[in-house]
Amino acid sequence: MVPVVADVDTLFGATTRGLLIHLDYQGAIRLHWSPLIHDEMSRALADTGRKPDAESARRHEQLMRAALPALHDAWQQGALRL
Amino acid sequence: MKTARKPTESSQRIAPPAMSVNIDPLVEVVRRHVKLTPQATRLIKSEFAQLFQNPTISGSTRKPTTIKSEPATDPVFTTQEAADLVGVSRPYIVERIDAGDIPLHQQVGNQRRVLQSAVLAWHRQEQTRRRKALGQLGADLDSEIFAG
């Protein structure tokens with residue numbers, strides 16, 4: 001499986017974000033990002049008006065976590081540092 | 001002329017194998033340890049004869065030792081094999097076992113073993129949860145993409 005590290009620039013666009021998450025779900029790639037990348041993405045989405053407010057951006061972040069449970073578990077275990 | 005009879009249930013049963021046992025050496029073994037009167041010898045011979053005619057007594061009274069094994073359809077996996085099976089990392093599988101999401105089948109030293117069926121059942125549940133999250137995420141992405 002191809003490992004893919006997505007930075008904020010990559011995750012900022014909604015279509016690219018959705019496509020990468022879907023490819024990970026289908027098993028075509030192994031998507032990685034870090035909590036810092038996630039935080040920055042949420043802030044950028046709220047600041048640019050892509051999301052109405054910070055709370056909405058956080059909810060979206062939670063959905064991304066739920067869609068990629070293995071990745072987020074690796075963060076909690078400290079097994080993955082980007 | 002004989003006609004073939006329909007076999008009854010009792011005649012279909014497999015008869016125990018006939019045993020031919022010479023009882024005299026057995027009595028000699030007993031005689032080496034205790035003094036036997038002719039009457040006792042006769043009684044022991046009679047009891048040995050009954051013992052070996054009893055169909056429940058076979059050549060060995062020990063039950064065969066059976067090793068409990070899993071059915072061939074449900075193999076036992078190491079954590080690495082389980083991780084490879086469902087395409088996740090080994091630490092993630094270990095974490096799920098320790099959390100109780102995947103039942104631990106056996107612990108060999110410090111190594112965990114799980115059943116294939118348990119791994120696949122957990123994987124199905126997780127895929128269902130992911131699908132649900134993806135559905136909500138898709139709706140959220142749509143509103144972001146198509147918002148004014």
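Let's start on the outside of helix H2 of chain A: Thr15(A) and Gln26(A) are exposed (over 50% relative accessible area, 1.4 Å probe, protein chains only), and they sit on the face turned away from the buried side of H2(A). The model is predicted, so local features need pLDDT of at least 70, side-chain atom pairs count only at pLDDT 80 or more, and totals for chains, interfaces and linings use all residues. Residues are numbered from 1 along each chain as its sequence is written, chains are lettered from A in the order in which they are written, and side-chain values use heavy atoms, leaving out hydrogens and water.

Now turn to the other side. Buried (under 20% relative accessible area) residues of H2(A) are Ala14(A), Arg17(A), Gly18(A), Leu20(A), Ile21(A), Asp24(A) and Tyr25(A). Seen down the helix axis, they fall within an arc of 165 degrees (taken from the directions from the axis to the C-beta atoms), so they line one face of H2(A).

What covers them? The cover includes these elements, where helices (H or I, at least four residues) and strands (E, at least two) are DSSP runs numbered from the N terminus.

| Element | Chain and residues |
|---|---|
| Strand S1 | chain A, 2-5 |
| Helix H1 | chain A, 8-12 |
| Strand S2 | chain A, 29-32 |
| Helix H3 | chain A, 35-47 |
| Helix H4 | chain A, 54-67 |
| Helix H6 | chain B, 116-146 |

After H2(A) comes Gly27(A), with a positive phi near 85 degrees. Stepping back, chain A has 5 helices and 2 strands, in the pattern β-α-α-β-α-α-α. Of its 82 residues, 45% count as buried.

Key:
Contact = heavy atoms within 4.5 Å.
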